[in-house]
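This report looks at how one protein model is put together, from its pockets to its sheet and a few individual residues. Please keep the sequence and the structure in view while reading.

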Amino acid sequence: IKRKVLVAARDKQSRELVNNLVMVTSSLPEEGKTFTSVNLALSLSAEREVQVLLMDCDLHRPTVQNFFEGAGASGLSELLSKGMTDIQGMVHRCDSIPNLGVLFAGKHTDNSPELVASTTMHNLLLATAKRYRDQIVIIDTPPALTSFEPAILAHDVHQAILVVSSQRSGRGQVEKSLDSISACRNISLLFNRASKWEQRDTGYYYNYGPKPDVAQV
């Protein structure tokens, strides 16, 4: 997954990360979008000469903070509430993973949809993308069918990953989600929680078995 993200992000001539804003969403809650966002950020941070910023843009149900010790209370909501577009002072660096920084969602606010849809958010993403050409920004958003934020952010991000969980989202729901984020020019589907994959001579075969206890990507 990270290879495809990196190839799409790099300019073929300069090798700079020009398409470096990557949104991760899903159709419905509990499909593994945050699981995917965190693990993709960790995987990308293992690359040399690549900095990674993980941004929790799910101001409704922020869960990125659950994966990190010492998560701060301040974050994206404070920046947007103050009209600030410089993220530098709010990014938390990971001591054990030098290449990884995290911008947490921040304190709960009742006007989170308006904040994400604001001009400040647009300018924040634009400034972040241009200022850090050696950085991939992974943006964890709310589900596309439960909020309009992914549809708004789709106009600003360069890549979008729609996480589709096995036996969770129906075809109609996936199609509606894709339509809602169609403003993004590069959309990929990630099939999550596959019960079992079996390799045969003709390729890979999906077996509908018992649902696993642990999500698998």
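## The two largest pockets

By class, the residues that line the largest pocket of this predicted model are six nonpolar, eight polar and six charged. The volume of this largest pocket is about 370 Å³, and among its 20 lining residues those closest to the centre are Glu30, Lys33, Thr34, Arg61 and Thr63. Helix H2, which covers residues 33-44, gives the largest share of this lining, namely three residues.

The second largest pocket holds about 250 Å³ of space, and its lining consists of 13 residues, with Ile1, Lys4, Ile161, Ser188 and Leu189 nearest to the centre. Two or more residues of this lining come from each of helix H1 (2-9), strand S6 (159-165) and strand S7 (187-192), and S7 makes the largest contribution, with four residues. Sorted by class, the lining of the second largest pocket has nine nonpolar, three polar and one charged residue.

## The seven-stranded sheet

In which order do the seven strands of the open sheet stand? The order is S3-S4-S2-S5-S1-S6-S7, and the pairing within this sheet is mixed. Strands S3 and S7 are at the edges and have a single partner strand each, so one side of each is left without a neighbour in the sheet. As a general point, the strands of a sheet pair through backbone hydrogen bonds, in either a parallel or an antiparallel sense.

One parallel pairing is that of strand S1 (residues 21-26) with strand S5 (residues 135-140), which are joined by four bridges; here valine 22 stands opposite isoleucine 138 of S5. Isoleucine 138 counts as buried, its relative accessibility being 0%. Between isoleucine 138 and cysteine 57 there are 9.8 Å in space from C-alpha to C-alpha, although the two are 81 residues apart in sequence.

## Strand S4 and its two partners

Strand S4 (residues 100-103) is covered on both faces, with Leu100 and Val102 buried on one side and Gly101 and Leu103 buried on the other. This arrangement can be read alongside the general rule that side chains in a regular strand alternate between the two faces of the sheet.

Strand S2 (residues 51-56) runs parallel to S4 and is joined to S4 by four bridges, with valine 52 placed opposite leucine 100. Strand S3 (residues 92-93), by contrast, pairs with S4 in the antiparallel sense over two bridges, and histidine 92 has valine 102 as its bridge partner in S4. Together S3 and S4 make a hairpin, in which six residues lie between the two strands.

## An aromatic pair between two loops

The model contains one aromatic pair. The pair consists of phenylalanine 68 and phenylalanine 104, whose ring centres are 6.2 Å apart and whose planes stand at 70 degrees, so the contact is edge-to-face. Phenylalanine 68 belongs to the loop between S2 and helix H3 (76-81), while phenylalanine 104 belongs to the loop between S4 and helix H4 (112-116), so the pair ties together parts that are 36 residues apart in sequence. Both phenylalanine 68 and phenylalanine 104 are buried.

## The faces of helix H1

Which residues of H1 are buried? They are Lys2, Val5, Leu6 and Ala9, and, viewed down the axis of H1, these buried residues fall within an arc of 95 degrees, so they line one face of the helix. Lys4 and Val7, on the other side of H1, are exposed. A general feature of the α-helix is its 3.6 residues a turn, so residues three or four places apart point the same way.

## Two residues with positive phi

Most residues other than glycine have a negative phi. Glutamate 30, which is not a glycine, nevertheless has a positive phi of about 65 degrees. Glutamate 30 is placed in the loop between S1 and H2 and is exposed, with a relative accessible area of 51%.

Arginine 193, which is likewise not a glycine, has a positive phi of about 60 degrees. The location of arginine 193 is the loop between S7 and strand S8 (196-200).

Notes. Residues numbered from 1 in each chain as written. Predicted model: local features only at pLDDT ≥ 70, side-chain atom pairs only at ≥ 80, totals over all residues. Heavy atoms only, no water. Buried < 20%, exposed > 50% of the residue type's maximum accessible area, 1.4 Å probe, protein only. Pairing = 2+ DSSP bridges. Phe/Tyr/Trp six-rings, centres within 6.5 Å; stacked < 30°, edge-to-face > 60°. 1 Å grid on protein atoms, 1.4 Å probe; cavity = no way out; pocket = protein on both sides within 12 Å on 5 of 7 lines; lining within 4 Å. Points joined across faces, edges and corners; volume = space filled by probe spheres on them. Nonpolar A, V, L, I, M, F, W, Y, C, P; charged D, E, K, R; others polar. Arc of directions from axis to C-beta.
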